[in-house]
Structures are given as C-alpha cells and as structure tokens.
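Hi,

Here is the structure I said I would pass on. Have a look at it first, and my notes follow below.

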Amino acid sequence: MSYGWLDDDTTISTDLKTTKETPFYEPIVNNFETGGYNPSVSYHYNPDVTQYHYGVRHPMKPFRLMLTDHLVIAYKLYEQMDIYKPRRATKEELLEFHSDDYVKFLETVTPENATKLAQTLKKFNIGDDCPVFDGMYDYCQIYAGASLDASRKLISGMSDIAINWSGGLHHAKKHEPSGFCYVNDIVLSILDLLRVHPRVLYIDIDLHHGDGVQEAFYLTDRVMTVSFHKYNGEFFPGTGNHDETGLSKGKHFTLNVPLQDGIDDESYTRLFKSIMEPVIANFKPTAIVQQCGADSLGCDRLGCFNLNIKAHGECVKFIKSFGIPMLVVGGGGYTPRNVSRLWCYETGIMTNMKLNHKLPDELPFRNFFQPDYSLHPNLGDRLDNKNTKKYLENLKNQLLENLRYMKGAPSVAMQEIPPDLQNLTTDEEQAIIDKLNSESSYDEYLENERYWINEKDQARKHELVE
Ligand SMILES: [Zn+2]
C-alpha cells in the first residue's frame, strides 16, 4: 500500500471526490517504528477549561485547547482512544502539594476584591504574568483534575498512555504562582504516581526550564527530572544551568540541558535521544511524565527555537517507544494554530496513527490554518542556530558524565512511601475508578459540547489576539 498522501513532504493535488474519500489517518501496524507496541490510550479533556481568560493581551490563551480538541476530533482520533471528561480536583487534592494559605488565597481572590489585597497579591507573586482573572480557581481545579484523572488511569492499569493537553503547568510553586501557572498539576500527578510507582521520570521539552517540578523533587531519588530549555541566566525563569543536579539523596537525579537560540530539528532530536536513552537505561523508571510544551516550536510568539512539529513529535515518539506507562501533558505554547497542530500530531503518535498531512475539511476555525491548511507548515528557518556543534558535544559529554555518578536505580520498600500517599485502600481506589468511569462515559460526552462549534466558540472569536 502506498502512503504517498500521508504525512510526508510531498504535495499531491487531488480533485474534490478524492479529497472526500481520503482517510484522516492510517494505522502504523507492527513495523519498526512502533516496535509492535500498541498501547491503550486515554484522552482527558474537560471543555470547560477553555472558557477562562487571562486577559486580552496576555499570551496564554486557553482557547488553544479548544482548537487542539477540534483537530483531534476532526481527525477522528477519538476512535482510537478512551475519551474522558475529568472531574475537577478537590481542595484536598491541591493541598497534597500547595500550602494551605496559598490555596485559600486562590479560592477567595477575585478581580473585584483584588484591589483591596495589594499586600497579599505581592506576597503571592500576582501581577502581569499571573493575573487574577474571573474563575481562576475553577480553571486550576479543571486542569489539575484532568492530570489527576489521567494519572489514575495509569495507576489502575486501564491506560498505558494518558493525555491531558490542558495540563503541564510546570512553573507553579508550593506557595505561589509563576509564569502563567497557578497550580502545579505535574507535581500533583507525580505524587499520585509515587503511591504505586517506585521511580518516576519527568521529561520537559518546553522552551522554559521546568523549575517548579525540579524544585519539588530536588531532594529525592525517586523522581528524576530532565529539562531541555533555553538558558542564558536571564531568560525566564532564570534557572536550569547544567550544574543544577539535585541535592542530598536527590544528587544526580536532576538533569538540565541549557540551550541557545535557534536550535534546529537535527541537533535537538539527536541530543535528546543521546541523553534520554542512557537516562532511561540507568534510572529504570516505572512511569514517565512527558511535558510537551509547544513554545519550543519555531515561530512561537514567545519562542526562540527552530523546531518543526515532526522533530518535537520525534522526541515524544522516542520516549513512547520504551513502552513505559506515560502521562502526557501540554505546557507553554503561544501561537495557538501551531500549538494545536503539534498536540494533535502527538495524539496521533500516541495512538500509532499517521495523520493526513492535509487538515480535514470539516474543521471548526479552519481559517486559522491558512494559507497552507497543513499539519506541517515550515517553522524551522526563522533564526540562526546559536548552538555550535562543539557546544552541543561538550554539553552532551558533561551530562553523560553526570549520569555516571547516578548509582543505579533506587529500589523502594513500600514503607518508604510517605503515609499520606498510601491512604487509599484497593476498594476505595476501585470506587474512584468506577465513579470516574460513570461520570465520563463516552456517550454522555457525545451529547455534550463537542464535534460542532457551539455558541461559546463563536462568542470568544473577537477576543482572540495573536
Ligand atoms: Zn514555556
């Protein structure tokens, strides 16, 4: 069979009839690309998350999640996954990581009372990056709830890969928000995974350093964090140099890969694979959390790398190929049309589906993707690559040297798991799983807001600023 029309760099013009009959995707079955790994994939999305708004001029647009979902649906990828509408995280769940006074603050602050709370806002680092907006606490509960829902599907073994594109807010700290992130859904999910997984590997390919997650697990050897990001000491959040490697028991269980502007597909994917392969071989994670921040793509509104969608996806595909249970979350990404292209493409990768290069005709907001209406616009030639071969080679050697100090994978006796992380009995856990399933049945989902543009989508159109 020829896959000439699929996901490649050739353009074939077709008449209307052919276009209509062109499949949206084609399975990749048992070939060298998948190694025969055919994971059970779940997709966790609460459409309510897109109704919140950081502010018209703010670069973070929850709307990008709606655009992503429209693409996933238009490509009919829901046929290949279990679809769940997750519940919101409870206050108690947020308190598993965040401090009491900070969660209380998030719960009570509103744009109306914010002006009277000038001192408190300062204390909690509220400002331009992290404004107070209507429904902020609900928004946090929704995206964190989706990550927790996803991690529980992994824990119960119902999913091998669980996806939450609304999560991945890696900068949030225990006591304060940072870099557009209020609640750290990644830390909450990893804490949840640690109840049953002895070792969790966190991989971050956002443009920015995954500082919130690194900080949370800096002292432990049960979580290894690896972050690839731009670093020059000044670029947000200012941390993430190669000499930050963990402390105490966690020494050598943190890895940072500082990069310069303009890194291209070839050098990024090569470096990524040459580091991640030995990390996985040495650390032997039993679960992986992959953060897929899309601001590392070329042409991102806040970005400075040259990556194309396929190269970003290649990294995720490489991690998937190890066949280890995997939570996949989003993160940054400030050019909505490319964020949604990327995350839809990566949803295809998770489900072993090769997507048609040409976007489906039946697609809400299709005009966002003009002029090419393609899944793979060229994003890779805007900036000069400031990462010389020599710089990357030295960096790689230095990082591999760090790995040599990591004395094998720590094994964990059950009594070492903090008591507050193991207070669910099997029955209680099963009850949660049953409840989640009944709350989020696929049929109910079909009835809801999906598959067409609803009134809400239309109403938000004027607020979109790029
Ligand atoms: Zn970012």
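Before the strands come up, one bit of vocabulary: two strands count as paired if DSSP finds at least two bridges between them. Also keep in mind that this is a predicted model.

With that in hand, take β6 and β7. They run parallel and are joined by 6 bridges. One pairing you can look up straight away is V226, whose bridge partner in β7 is L255. How many residues of β7 are buried? The count is 6 of the 6, so the strand is largely enclosed by the rest of the structure. T254, N256 and P258 point one way from β7, while L255, V257 and L259 point the other way, and all are buried. The background to that pattern is that side chains in a regular strand alternate between the two faces of the sheet.

Helix α8, residues 185–193, gets similar treatment: 9 of its 9 residues are buried, so the rest of the structure largely encloses this helix. The buried set includes D185, S189 and D192 as well as I186 and L188.

Now the overall picture. The chain has 16 helices and 10 strands. Of its 466 residues, 44% are buried. Taking contacts with a separation of 6 or more, 78% are between residues 24 or more positions apart.

The largest nonpolar core holds 109 residues, and I163, I190, V200 and Y202 have the most contacts inside it. Helix α7 (residues 136–156) supplies the largest share of this core, with 11 residues. As general background, nonpolar side chains in soluble globular proteins tend to be buried together. If you want a way into the core, try V200: leaving out residues up to four places away in sequence, V200 touches I190, L193, L194, R222, V223, P285, A287 and V289. I190 and L193 also appear among the buried residues of α8.

The site you will probably want to open next comes from the record. UniProt, in an unreviewed entry, places the feature "binding site" at D206, H208 and D295. Why do they gather at one spot? They span 90 residues in sequence, yet no two of their C-alpha atoms are more than 8.1 Å apart, so they come together in space.

Taking two of these in turn:

- H208 sits in the loop between β5 (200–204) and α9 (211–216). It has 27 C-beta neighbours inside 10 Å and the cut-off for buried is 20 or more, so H208 counts as buried. Setting aside neighbours within four places in sequence, H208 is in contact with G179, H229, F236, P237 and G332.
- D295 is in the loop between β8 (287–291) and α11 (309–320). D295 is buried too, with 25 other C-beta atoms within 10 Å. Not counting residues up to four places away, D295 touches D206, L207, D300, L302, G303, G332, G333 and Y334.

G332 turns up in both contact lists, and D206 from the UniProt set is one of the contacts of D295.

A few backbone details may matter to you when you set things up. The peptide bond from F236 to P237 is cis, with omega near 0°, and both of those residues are contacts of H208. P237 is in the loop between β6 (223–230) and β7 (254–259). A cis bond also runs from Q370 to P371, with omega near 5°, and P371 is in the loop between β10 (353–355) and α13 (389–405).

Y373 is in the loop between β10 and α13, and its phi is near 50°, a positive value in a residue other than glycine. With 16 C-beta neighbours inside 10 Å, Y373 counts as partly exposed. C299 has a positive phi as well, about 65°, although C299 is not a glycine. C299 lies in the loop between β8 and α11, and is partly exposed, with 19 C-beta neighbours inside 10 Å.

Last one: L219, in the loop between α9 and β6. Buried or partly exposed? L219 is partly exposed, with 15 C-beta neighbours inside 10 Å. L219 and K251 are 32 residues apart along the chain, and their C-alpha atoms are separated by 7.2 Å. Leaving out residues up to four places away, L219 touches L247, S248, K249 and G250.

Cheers

Definitions and conventions: Residues numbered from 1 in each chain as written. Predicted model: local features only at pLDDT ≥ 70, side-chain atom pairs only at ≥ 80, totals over all residues. UniProt positions renumbered as here; feature names shortened; annotations may be inferred. Helix = DSSP H or I, 4+ residues; strand = E, 2+ residues; numbered from the N terminus. Buried ≥ 20, exposed ≤ 12 C-beta atoms within 10 Å, placed from the backbone. Contact = placed C-beta atoms within 7 Å. Core = buried A, V, L, I, M, F, W, Y, C linked by C-beta atoms within 7 Å.
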